Amino acid sequence: MQARQALARLGALAALTLAALAAGLMAGPVWVSPAQAVRALAPRPEGLSGGPGAGVGSQQAHVLIVRELRLPRSLLAGSAGLALGMAGAALQGLFRNPLADPYVVGASAGAALGATVAVMAGWASPVAGLSAVTACGFAGSLASVAVVYALAEASGAGGVQGLLLVGAAVSTLLSAAVAALLLFVDRPYLQVYGWLVGGFSGRSWPVLAATVPVMAAGCLMLAALHRSLDALALGEEAAQSLGVSLPRLRAATVAASSLLTAAAVAAGGIIGFVGLMAPHMARRLVPATHRWVLPASGLVGAAVLVAADSAGRVVAPPAEVPAGIFTAVLGAPFFLYLLRRQGRPSGAP
């Protein structure tokens, strides 16, 4: 596939993501037409001062709904989907395993424990624009990945297989700790449950401002690693012969992916399968090099998660279905499909 065609397909994915964002501004218990959404986004101070005039109250309501409620959460869903998609693509390349996802090294279990501890302790003071639960989830995600990486290096298991094994063990231990806290501590659990399911209800501009810079840093770090990840696809010996330092590549990829995953978890809780599905969809659209797969995976993840968040607002109004439920409904059959493909003999249809 030529570079021009790959660029065209990336442009089409970007347009699809923008269309999903536009739909996210309109969809909800209160339908906002495209014209109303445009008027709500445009600066029109003369019609929104509260003075007399037909439609002023309705226009003020649309401004509140679009600017303060739907725009930030749609942008946040898109950013989180972008982060999870890119992290998933990078980790699948690092582990050379099509079933890897951003939570494979313990990020989700650590985030769950951090958020649960915050709820059980009753911490309420915001941190850097994030609620205490969100901030503790972010810190727990990064801390758990750091522990997994340190244990894998210290154990001598070495390489990506060691990371996978230690990640599975630590995730199991942290999940057990979360279950113990929920079982033995007499506190309300609705906040923890909602955070573990994953969704963007109630998220607004402060969360976006706090998490997007972290996601941007992680994306730039991964973009700088695309050639090394391509070399690794040829095998570890071939990558080393091309001058790639495997320990350095492993550390940089895990660090960047962990930043992206932790920021996405802070933005919307634990949302599964986006980082698994998006890279596979992207590889069907662009060349299978990380120069193209990383941005394409991010755009696919963004479009999917924005669409899931929008759908959750319209299927059962006035209640909302968390985006994490939609991604699980889509992702579980997709995972089984991948397992079936992995189990086929080479060359089978």
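Analyst: Let's start with a cut-off: a residue counts as buried under 20% relative accessible area, exposed over 50%, and partly exposed in between. Keep in mind that this is a predicted model.

User: OK, try that on arginine 96. Is arginine 96 buried, exposed or partly exposed?

Analyst: Its relative accessible area is 43%, so arginine 96 is partly exposed. You'll find arginine 96 in the loop between α3 and α4 (107–121).

User: And what about the phi of arginine 96?

Analyst: The general idea: most residues other than glycine have a negative phi, and most peptide bonds are trans. Arginine 96 is not a glycine, yet its phi is positive, about 50 degrees. Phenylalanine 273 is another case, with a positive phi near 75 degrees. That residue sits in the loop between α11 (246–268) and α12 (274–283), and with a relative accessible area of 25% phenylalanine 273 is partly exposed.

User: You mentioned trans peptide bonds. Where is there a cis peptide bond?

Analyst: Look at proline 317 and proline 318: the bond joining them is cis, with omega about 5 degrees. Proline 318 belongs to the loop between α13 and α14 (323–343).

User: Now helices. How do I check the span of helix α13?

Analyst: Count 1.5 Å a residue and compare with the distance between the end C-alpha atoms. For the 25 residues of helix α13 (residues 290–314) that should give 36 Å, and the ends are 36 Å apart, so the two agree. Helix α13 is also mostly covered, with 20 of its 25 residues buried.

User: What happens in α8 at threonine 211?

Analyst: α8 bends there by about 30 degrees, and proline 213 follows within four residues. On the span check, the 19 residues of α8 (residues 205–223) should cover 27 Å and the end C-alpha atoms are 26 Å apart, which agrees. Threonine 211 is one of the buried residues of α8, along with others including Val207, Met215 and Leu222.

User: On to the interior. How many residues are in the largest nonpolar core?

Analyst: There are 82 residues in it, and Leu10, Phe95, Trp195, Phe200, Leu222, Leu260 and Leu305 have the most contacts inside this core. α3 supplies the largest share, 12 residues. Another core, of 9 residues, lies apart from it, and includes Leu25, Met26, Val32 and Val66.

User: Which residues is phenylalanine 200 in contact with?

Analyst: Setting aside neighbours within four places in sequence, phenylalanine 200 contacts, among others, Leu76, Ala80, Ile271, Leu305 and Asp309.

User: Ala80 is in that list. Where is alanine 80 found?

Analyst: Alanine 80 is in helix α3 (residues 56–95), and at a relative accessible area of 1% alanine 80 is buried. Beyond its neighbours within four places in sequence, alanine 80 touches Phe200, Met215, Ala264, Ala267 and Leu305. The C-alpha atoms of alanine 80 and alanine 264 are separated by 4.5 Å, though the two residues are 184 apart along the chain.

User: Asp309 was in the list for phenylalanine 200 too. Which residue forms a salt bridge with aspartate 309, the closest N and O atoms being 2.7 Å apart?

Analyst: First, the principle: side chains of opposite charge can pair when their charged atoms come close. There are 5 salt bridges in this structure. In the one you ask about, aspartate 309 pairs with arginine 73, with 2.7 Å between the closest N and O atoms. Aspartate 309 lies in helix α13 and arginine 73 in helix α3, so the pair ties together parts 236 residues apart in sequence.

User: Are aspartate 309 and arginine 73 buried or exposed?

Analyst: Both are buried: aspartate 309 has a relative accessible area of 2%, and arginine 73 has 7%.

User: What else does arginine 73 form a salt bridge with?

Analyst: Glutamate 320, with the closest N and O atoms 3.2 Å apart. Glutamate 320 lies in the loop between α13 and α14, so its pairing with arginine 73 in helix α3 ties together parts 247 residues apart in sequence. At 35% relative accessibility, glutamate 320 counts as partly exposed.

User: And how many residues apart are aspartate 309 and arginine 313?

Analyst: They are 4 residues apart in helix α13, about one turn. Their side chains meet in a salt bridge of 2.8 Å, N to O, and both residues are buried. Through shared partners, salt bridges join Arg73, Asp309, Arg313 and Glu320 into one network.

Terms used: Residues are numbered from 1 along each chain as its sequence is written. This is a predicted model: local features need pLDDT of at least 70, side-chain atom pairs count only at pLDDT 80 or more; totals for chains, interfaces and linings use all residues. Side-chain values use heavy atoms; hydrogens and water are left out. Helices (H or I, at least four residues) and strands (E, at least two) are DSSP runs, numbered from the N terminus. The expected span of a helix is 1.5 Å times one less than its number of residues. Buried means under 20% relative accessible area, exposed over 50%, partly exposed in between (1.4 Å probe, protein chains only). Contact means heavy atoms within 4.5 Å. A nonpolar core is a set of buried Ala, Val, Leu, Ile, Met, Phe, Trp, Tyr and Cys residues joined through side-chain atoms within 4.5 Å. The bend at a residue is the angle between axes fitted to the seven residues ending there and the seven starting there. A salt bridge is a side-chain nitrogen of Lys or Arg within 4 Å of a carboxyl oxygen of Asp or Glu.
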